[in-house]
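Subject: Structure for you to look at

Hello,

Here is the structure I promised to pass on. Please open it beside this email and follow along as you read.

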Amino acid sequence: MTPRTPLPLAIALAGVALVVTGCESTQDKSARIAAELGPVKQEEGLKIGKRSKDVEVVSGTLLTDPNGSAVVVRLRNRSKEDLVGVPIAIDVLDAKGKSVYRNDIPGIEPALAAVPFIEAGGEVDWVHDQVLATGKPAEVEVRVGEGGRPFSGELPEVSVSKAKVEGDPYSGVLAGGNVENRSGEDLDRLLLYAVATKGGKVVAAGRGAIEPLKDKPKPVPYNIYFIGDPSGADLKIAQFPIIPGFELE
């Protein structure tokens, strides 16, 4: 067992050679992501009453490319407690201010409506890469609600390798690598969030998951598909093991 913080891995991608892959439609990509990230577990739609007093929104970024749209929200936990399952609502608007997507859909996958983990006094980038908009996205509004639960345990030790980036922004870009479960136990699920930045600006993002992550001595491969173009950018991958007693609700 290791310290509780899921440490981001900074990976410089300058000069990465891109390899062209096959074309994939937005619908096919959404279906593939849903299959990779596991079954839907949240039956009721997201509802936020009071805004969180502990977690503040530092920034929100809307990304769009030929493969779809994604939202990246940077959050700061101002409290003295680690928090899990912090509810987060996004409302994606078109250029006229009309809502074209909200993540309050009944049956939504839990990690698309809550932040898995934020350490006390720390910041984290949350990624929603399944924005299926009914119009042309132009901006995003973010609301973080109360309801995050204090967490005083330890996160399992998981090692994530540097990512190899392949593809192009038109047919789809993915980052691939390996993870090693060093916790000594099977993990129900491992979430991976990838955010690429240039000059402090978010230019691409994606997420992936391994479910379950068995206690194996050999590395297990991971793939993260991007919205946006991460070539020449700095890439950070944050990992969040989901274990019994640490599930999103």
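Start at R102. This residue is partly exposed, with a relative accessible area of 42%. Its salt-bridge partner is D104, and the closest N and O atoms of the two are 3.5 Å apart. D104 is partly exposed as well, at a relative accessible area of 32%. Keep in mind that the model is predicted.

Why can such pairs form at all? Side chains of opposite charge can pair when their charged atoms come close. The structure holds twelve salt bridges. I picked out two more for you.

**D129 and R207**

Are these two residues buried or exposed? D129 is buried, with a relative accessible area of 6%. R207 is buried too, and its relative accessible area is 2%. Buried here means under 20%, so both values fall in that class. The two side chains meet in a salt bridge, 3.0 Å from N to O. D129 sits in strand 7 (residues 123–131) and R207 in strand 14 (residues 201–210), so the salt bridge ties together parts that are 78 residues apart in sequence.

This pair also belongs to a network. E109, D129, R189, R207 and E211 are linked by salt bridges. Look at E211 again while you are there. A cis peptide bond joins E211 and P212, with omega at about -5°. P212 is found in the loop between strand 14 and strand 15.

**K214 and D186**

K214 is partly exposed, with a relative accessible area of 39%. D186 is partly exposed too, at 41% relative accessibility. Their side chains meet in a salt bridge, 3.7 Å from N to O. Where do the two residues lie? K214 is in the loop between strand 14 and strand 15 (220–228). D186 is in the loop between strand 12 (172–181) and strand 13 (189–198). The pair therefore ties together parts that are 28 residues apart in sequence.

**Strand 4**

Now turn to strand 4, residues 82–93. How many of its residues are buried? Twelve of the twelve are, so strand 4 is largely enclosed by the rest of the structure.

Here are its pairings, with one position to find in each:

- Strand 9 (residues 149–151) pairs with strand 4 in the antiparallel sense, over three bridges. Find L83, whose bridge partner in strand 9 is P150.
- Strand 6 (residues 114–118) pairs with strand 4 over four bridges, again antiparallel. Find V86, which stands opposite V115 in strand 6.
- Strand 8 (residues 139–144) is joined to strand 4 by six bridges, and the two run antiparallel. Find A89, which stands opposite R143 in strand 8.
- Strand 5 (residues 99–102) is joined to strand 4 by three bridges, and these two also run antiparallel. Find D91, whose bridge partner in strand 5 is R102.

That last partner takes you back to the start: R102 is also the residue that forms a salt bridge with D104.

Strand 4 and strand 5 form a hairpin, with five residues between the strands. In this hairpin, G97 takes a positive phi near 85°.

**Aromatic pairs**

The structure holds two aromatic pairs. One of them is F117 with F151, and its geometry is edge-to-face. The ring centres are 6.2 Å apart, and the planes meet at 85°. F117 lies in strand 6 and F151 in strand 9, so the pair links parts of the chain that are 34 residues apart. Both F117 and F151 are buried. You have met these strands already: strand 6 pairs with strand 4, and strand 9 pairs with strand 4 too.

**The whole chain**

Finally, step back. The protein chain has one helix and 16 strands. It has 249 residues, and 52% of them count as buried. What share of the contacts with a separation of 6 or more comes from residues 24 or more positions apart? The share is 76%. The accessible surface of the protein chain comes to about 11,800 Å². Of that surface, 50% belongs to carbon and sulfur atoms.

Best wishes

Conventions
Residues are numbered from 1 along each chain as its sequence is written. This is a predicted model: local features need pLDDT of at least 70, side-chain atom pairs count only at pLDDT 80 or more; totals for chains, interfaces and linings use all residues. Side-chain values use heavy atoms; hydrogens and water are left out. A salt bridge is a side-chain nitrogen of Lys or Arg within 4 Å of a carboxyl oxygen of Asp or Glu. Buried means under 20% relative accessible area, exposed over 50%, partly exposed in between (1.4 Å probe, protein chains only). Two strands pair if DSSP finds at least two bridges between them. Rings of Phe, Tyr and Trp (its six-membered ring) pair if their centres lie within 6.5 Å; planes under 30 degrees apart count as stacked, over 60 as edge-to-face and the rest as tilted. Contact means heavy atoms within 4.5 Å. Accessible areas come from the Shrake-Rupley method with a 1.4 Å probe; for residues, only the protein chains shown count as cover.
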